[in-house]
Amino acid sequence: MARRPKRSHNGGPPLDEYKGPPWGNGDPYIFLAWQAAHAKAWKAPSREVMLLRMDKAERLGLTYEEYTLEILERGRHLREEDTERIGAIKAARKRRRVRHLD
C-alpha cells in the first residue's frame, strides 16, 4: 500500500533531490506541449493591448487578471451586456477572499 503524502505535499516530484527529467514518469511530449502552451498564453501582450484590457476591465468592475483569464479560458471578450457572467466572476472573487480568511 502506498504511503500518503504529507499534508503540505502537492503530489509532485521532490524539488531538491530529484535527479530525473522535469516531466517525471509521464510523456515528455505532453509536458513540453503544455509548457509551450502556457508560455504562449501568458506572454505579455503589447502595451496598447494591456491598456485596452485594463480600461475595459475597470469599466466592467473586474481586475485585469480576471478579465484576461476570461479571454484565455473562454475565448471571448466580456461586454456590459454579460451581467450574468460578470456577476459570477465577482461572486467567485468574494468566495476566494472569504476562504483566504479562514
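Start by selecting E70, E73, R74 and R85: in this predicted model, these four residues are linked in a network of salt bridges. Show their side chains as sticks and keep them on screen while we walk through some of the pairs.

**First stop: E70 and R74**

Zoom in on E70 and R74, which form a salt bridge with their closest N and O atoms 3.7 Å apart. Both belong to helix α3, and because they are 4 residues apart there, about one helical turn separates them. Now switch on a surface and look at each partner in turn. Is E70 buried or exposed? E70 counts as buried, since its relative accessibility is 3%. R74, in contrast, is partly exposed, with a relative accessible area of 45%.

**Second stop: E73 and R74**

Keep R74 selected and add E73. The side chains of these two residues also meet in a salt bridge, at 3.3 Å from N to O. So R74 pairs with E73 as well as with E70. Check the surface again around E73: this residue is exposed, with a relative accessible area of 52%, because anything over 50% falls in that class.

**Third stop: E66 and R93**

Next, select helix α3 as a whole, residues 64–74, and find E66 within it. Which residues does E66 touch once its neighbours within four places in sequence are set aside? The answer is I89, R93 and R96, so add those three to your selection.

Of these contacts, turn to R93. The side chain of E66 makes a polar contact with the side chain of R93 at 2.8 Å. This pair is also a salt bridge, with 2.8 Å between the closest N and O atoms. Color helix α4, residues 83–101, to see where R93 sits; because E66 lies in helix α3, the pair ties together parts that are 27 residues apart in sequence.

Before moving on, bring the surface back for E66. Its relative accessibility is 11%, so E66 counts as buried, the cut-off being under 20%.

**Last stop: the full set**

Finally, zoom out and display every salt bridge in the model. How many are there? The count comes to 8 salt bridges. Among them you can pick out E70 with R74, E73 with R74, and E66 with R93. To close the loop, return to the network of E70, E73, R74 and R85 where the tour began.

Conventions:
Residues are numbered from 1 along each chain as its sequence is written. This is a predicted model: local features need pLDDT of at least 70, side-chain atom pairs count only at pLDDT 80 or more; totals for chains, interfaces and linings use all residues. Side-chain values use heavy atoms; hydrogens and water are left out. Helices (H or I, at least four residues) and strands (E, at least two) are DSSP runs, numbered from the N terminus. A polar contact is a pair of N or O atoms within 3.5 Å; within protein, one must be able to donate a hydrogen and the other to accept it, and residues adjacent in sequence count only if both atoms are side-chain atoms. Contact means heavy atoms within 4.5 Å. Buried means under 20% relative accessible area, exposed over 50%, partly exposed in between (1.4 Å probe, protein chains only).
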